[in-house]
Amino acid sequence: MCGIVGIVGTTEVAAALYDGLTVLQHRGQDAAGIATADRGKLRVHKGNGLVRDVFDEEAMRSLEGRVGIAHCRYPTAGSEGDDEAQPFYVNSPYGIALAHNGNLINTDALRREVFEEDRRNVNTESDSEVLLNVFAHELDTQKALTPEAVFRAVEGVNRRAKGGYAVVCTVLGLGLVAFRDPHGIRPLVLGRRTTAQGNEYAVASESVALDVLGFERMRDVAPGEAVVVTARGELHTQLCAEKTDFAPCIFEYVYFARPDSMIDDISVHKARMRMGVTLGEKILRLRPNHDIDVVIPIPDTSRDSALEIANVLGVKYREGFIKNRYVGRTFIMPGQGERVKSVKRKLNPIPLEFRGRNVLLVDDSIVRGTTSRQIVQMAREAGANKVYLASAAPPVRYPNIYGIDMPSSEELVAHGHTEAEIEQMLGCDWLIYQDLKDLEVAVAGPKHPGRKFDSSCFSGEYVTGIEPDYFERIRQLRSDEAKKKRRA
């Protein structure tokens, strides 16, 4: 998962892009980059590390221009080395820099097409560079540099690319280009800010970036839609794909997005609260005479759900773990060894909240199970009488193939196991999962009844379809053992 921002301003935009990235840092802590367009030149600075580490005063001064894009990344398959930091750049046609959130599932076929048919070279293993070259080729065939030419180029990208993607580009001589995959799997939101010099526009992965920068959230970019904002601040939009099933990624609401964000007109905060209500009601159905003394969230993402579970159950809600703010999100650590080491560095229990109590721990989801197993053990060592574990999401049994670097199926704790078996593996006294139907209803909420989502990591149903050997390729790329070999 990654974070992207694009801005067309009436003044220099580098500082705003930097601020936008810091707000989206939760979406990727591995690398960051900014590209700006200034007087016919693209200026790019990028590198591995947190936003604050990649950019110093000298780098920021070099990023001149009133049009720019920015990206923060965590290490997905094929995007782990120093040279995969984004934005990527090509000088033909015109000069284009591109940053991308998501994952293409036909990268290998596109890479061959780009080389053999488009006569373009791809230097890295990143699907983002492939996507850049596909867009560059499609724009080159238009023999014009206008919003209409860009829309036709994006139509070509959408015909050729398969997967989930949200994209921001700077095109020299034009301005900012942004577009979203035809299913709307990956999020992208459009905002506007009015100044004395005129209108400024921004696009970002989450609305919180617009909030912090003072942009008014206009709307979400529609599935298959492209947005062009010229350097003069003129906004053009057009649908560039045939209408298909709208299926935003439900895992954004479960884990990735900040609670103060709006994604596809749904409040992440309220979605998580509704998840807690439905899960609390399920607990009461299964154990109306439960002996739970206290509900404790596993910080941070599960807090909204845990509070509502406690309200439904009529028991105390307590903060039982103190989080070290200087350790990154464990889920997006690059390897299992690093994730294991990080858990105790990240969380420390407050024994007073556990001692002698029957504790219900609440997490947003359970993926590999390693973190959950250690936290359950922490609760026992802190003196808990019984340790129950609730997941606000259903069992994660299948890989996410649209931009969230979940491991191969074999490394998912729920894959091929019953809930009773998982309970034993995690060492808790009782394990309860959210039902998928309840999760989808909770996220959709009362304003969007019946909305469909990409819930493939729970259901195994992939909206784009998949090739028969795709999962084997995923296993070879995503397993911790494969990553260890690539880093050796």
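**Exercise 1.** In this predicted model, find out how far Asp127 is from the nearest side chain of opposite charge, and where Asp127 sits.

*Solution.* Start with the charge partner: Asp127 is buried but has no salt bridge. The nearest side chain of opposite charge belongs to Arg111, 7.4 Å away. A salt bridge would need the nitrogen and the carboxyl oxygen within 4 Å. Next, place the residue: Asp127 belongs to helix α5, which covers residues 127-140. Finally, look around it. Skipping neighbours within four places in sequence, Asp127 touches His100, Gly102, Asn103, Leu104 and Thr107.

**Exercise 2.** Count the disulfides, then work out why Cys72 has no such bond.

*Solution.* Recall the chemistry: a disulfide is a covalent bond between the sulfur atoms of two cysteines. The cut-off here is 2.5 Å between the sulfurs, and the count comes to 0 disulfides. Now take Cys72: its closest cysteine sulfur is in Cys2, 7.1 Å away, so that's too far for a bond. Cys72 counts as buried because its relative accessibility is 0%. Cys240 isn't in a disulfide either, since the nearest cysteine sulfur, in Cys169, is 12 Å off. At 3% relative accessibility, Cys240 counts as buried too.

**Exercise 3.** Describe the overall build of the protein, from its helices and strands to its surface.

*Solution.* First, tally the elements: there are 17 helices and 22 strands. The radius of gyration is 23 Å, close to the 23 Å the globule rule gives for 488 residues, so the protein is as compact as a globular protein of that length. Then check the inside: 60% of the 488 residues are buried. Last, the surface: about 19100 Å² is exposed, with carbon and sulfur atoms supplying 48% of it.

Key:
Residues are numbered from 1 along each chain as its sequence is written. This is a predicted model: local features need pLDDT of at least 70, side-chain atom pairs count only at pLDDT 80 or more; totals for chains, interfaces and linings use all residues. Side-chain values use heavy atoms; hydrogens and water are left out. Helices (H or I, at least four residues) and strands (E, at least two) are DSSP runs, numbered from the N terminus. Buried means under 20% relative accessible area, exposed over 50%, partly exposed in between (1.4 Å probe, protein chains only). Lys and Arg count as positive and Asp and Glu as negative; His and the chain ends are not counted. Contact means heavy atoms within 4.5 Å. The radius of gyration is taken over C-alpha atoms; the globule rule is 2.2 Å times the number of residues to the power 0.38. Accessible areas come from the Shrake-Rupley method with a 1.4 Å probe; for residues, only the protein chains shown count as cover.
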